[in-house]
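Could you walk me through this model in my viewer, one selection at a time? I would like to know what to pick next and what I will find there.

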Amino acid sequence: NKTNVRKKTESTSLFRRLVFFTLKNQKGETDMKDYSVFAEENRQEYVDVLQALTERPSPSYKENRIAKWIRELLCGYAEKSGYDQVHIYEDDICNVYCELGEAFEPGSECFAVTAHTDTVFPDMEGPLPFERDGSGRIYGLGIKDNRANICALLFCAKYIFEEGIVPEKRLLFVFNVCEEGTGNLAGSKRVLEHYPEICRWIAFDLDYTTIFCKALGSVRYKITITGQGGHSYNDFGRKNAIVAMSELIRLFYQINPEEYSGTVTYNVGRIQGGTTVNAIAEECQADFEIRSDDSESLEKLQEYFDTLLEKIRQEGAGELEVKKDILGIRPSMGGFSEEGMVQQIGLVERISRIIREITGKAPDVKSGSTDCNVPLSRGIPSICIGTCLGAGEHTRQEYIEEASLKNGLIIALKTVLEGIR
């Protein structure tokens, strides 16, 4: 699972460094032209790779096949270009890593750029749909979230390999698992376990109309209420699990977001229970979610939810049991140092400028739940941006605008290459 190519002569390495210094000293306009030529030359291959990615299923925790495909493609690009300053490998949970520049040693700071490889769709039989509708749209499951962004990161690697760019700062590309839903950010958590010295993190996800720079944390619970149940007539008066769950939901929806710092939302997304119309329900289950971009508010809301559960237990008068299972926890913003916050603001301003220069429009800046939640919870400057335009993510009508891919790739290239100066 490992490829390590670091064999070129010192003179060739010096030449490649001179190429890099020439590129990085160009004005932004010249850089954009270079990137534009690369994007145009690779237009058909880019779409071909996007199609290959989109047709391959990869639900959370089942990304092994697409990880192997990505690793082999990266190795092929490096070998074809004769690029030797790279170490490509896959870990046991199917994160694919691409280390660029100086050898990574313990304690070595690095700049990380990631793109998640899982989708929300459970489909496992491929090829999955990849369809043009004749209006410039390409439809596919996960094509915006996150196939187009994987594609952009792959072609950033391809550009670096072909141009022989040797980063002066350690650069880490990761194609990580388990960003979606019940994946609970397992892939990005593993990245920080492997590379605790990451000093900046950019995730490619969704589209380039929005920068997500504040971690929207969440806690998700499955609540199960059980009782004796019985016949609706003969046992009338016994505690009903559905009635108790309904009361819990009523109390839950009395939370006032204005009483908490930051942004607060909550939801009950699923409920099931009972057996038939003439039976007192002996069990009811529901899934609850709490979100906030303020860690203190998220903690207070968890405590408040526990008081609601205790109230339902007491009202059950020994007839009902209330069980709480945690479905997932996504961290919120962590403690940033003053210097770290200055770097975070600078990162947002830099990427906003790049997007505005290329598209003519400034992106929105928002809180979001992305792979960046993990580094942001630890005070590491991080943002999430996309490299395409589209809509319908998490639906079977998901699509991207094919014409947006060129600008998206240029945004990705400028983001990465300016980031290693």
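Here is a tour in several stops, moving from sheets to helices to single residues. Keep in mind throughout that this is a predicted model.

**Stop 1: a four-stranded sheet.** Begin by selecting β12, β14, β10 and β15, which form an open sheet in the order β12-β14-β10-β15 with antiparallel pairing. The edges are β12 (264-273) and β15 (321-330), each of which pairs on one side only. Look along the sheet and you can follow its twist, which averages 15° from one strand to the next.

Now zoom in on the pair formed by β10 (residues 217-226) and β14 (residues 283-292): they are antiparallel and share 10 bridges. For a landmark, pick T226, which stands opposite E283 in β14.

**Stop 2: the helices on that sheet.** Add α7 (residues 241-252), a helix that packs on the sheet and touches β10, β12 and β14. The direction of α7 makes about 15° with that of β14. Next, show α8 (residues 295-315), which also packs on the sheet, touching β10, β12, β14 and β15. Its direction makes about 5° with that of β10.

**Stop 3: α7 on its own.** Try a distance check between the end C-alpha atoms of α7: they are 16 Å apart, in agreement with the 16 Å that its 12 residues should span at 1.5 Å a residue. Then color A241, A244, M245, L248, I249, L251 and F252, the buried residues of α7. Why do these residues line one face of the helix? Turn the view to look down the axis of α7: the buried residues fall within an arc of 165°, so they line one face. Their cover includes β10, β12, β14 and α8. Before leaving, visit the start of α7, where a side-chain oxygen of N240 comes to within 2.8 Å of the backbone nitrogen of I242.

**Stop 4: S292.** Select S292, which sits in strand β14. Is S292 buried or exposed? Its relative accessibility is 0%, so S292 counts as buried, the cut-off being under 20%. Leaving out residues up to four places away in sequence, S292 touches A215, L216, G217, S261, T263, V264, S297, L298 and S332.

**Stop 5: strand β7.** Move to β7 (residues 171-176), where six of six residues are buried. Both faces are covered: L171, F173 and F175 lie on one side, with L172, V174 and N176 on the other. Show its partners as well. Strand β3 (residues 96-100) runs antiparallel to β7 and is joined to it by five bridges; V96 has F175 as its bridge partner. With β4 the pairing is parallel, over six bridges, and here F111 is partnered with L171.

**Stop 6: a second open sheet.** Select β5, β6, β19 and β18, four strands in the order β5-β6-β19-β18 with antiparallel pairing. At the edges are β5 and β18 (390-391), each with a single partner strand, so one side of each has no neighbour in the sheet. Two bridges join β5 to β6 (residues 137-139), and E131 stands opposite Y139 in β6.

**Stop 7: E125.** Finish in the loop between β4 (110-116) and β5 (131-132), where you will find E125. E125 is exposed, with a relative accessible area of 68%. As a last check, draw a line from its C-alpha atom to that of N278: the two are 153 residues apart along the chain and separated by 41 Å.

Methods. Residues numbered from 1 in each chain as written. Predicted model: local features only at pLDDT ≥ 70, side-chain atom pairs only at ≥ 80, totals over all residues. Heavy atoms only, no water. Pairing = 2+ DSSP bridges. Axes fitted to C-alpha atoms, helices over the stretch in contact; angles between N-to-C directions. Contact = heavy atoms within 4.5 Å. Buried < 20%, exposed > 50% of the residue type's maximum accessible area, 1.4 Å probe, protein only. Expected span 1.5 Å × (residues − 1). Arc of directions from axis to C-beta. Polar contact = N/O pair within 3.5 Å; in protein donor to acceptor, adjacent residues only side chain to side chain.
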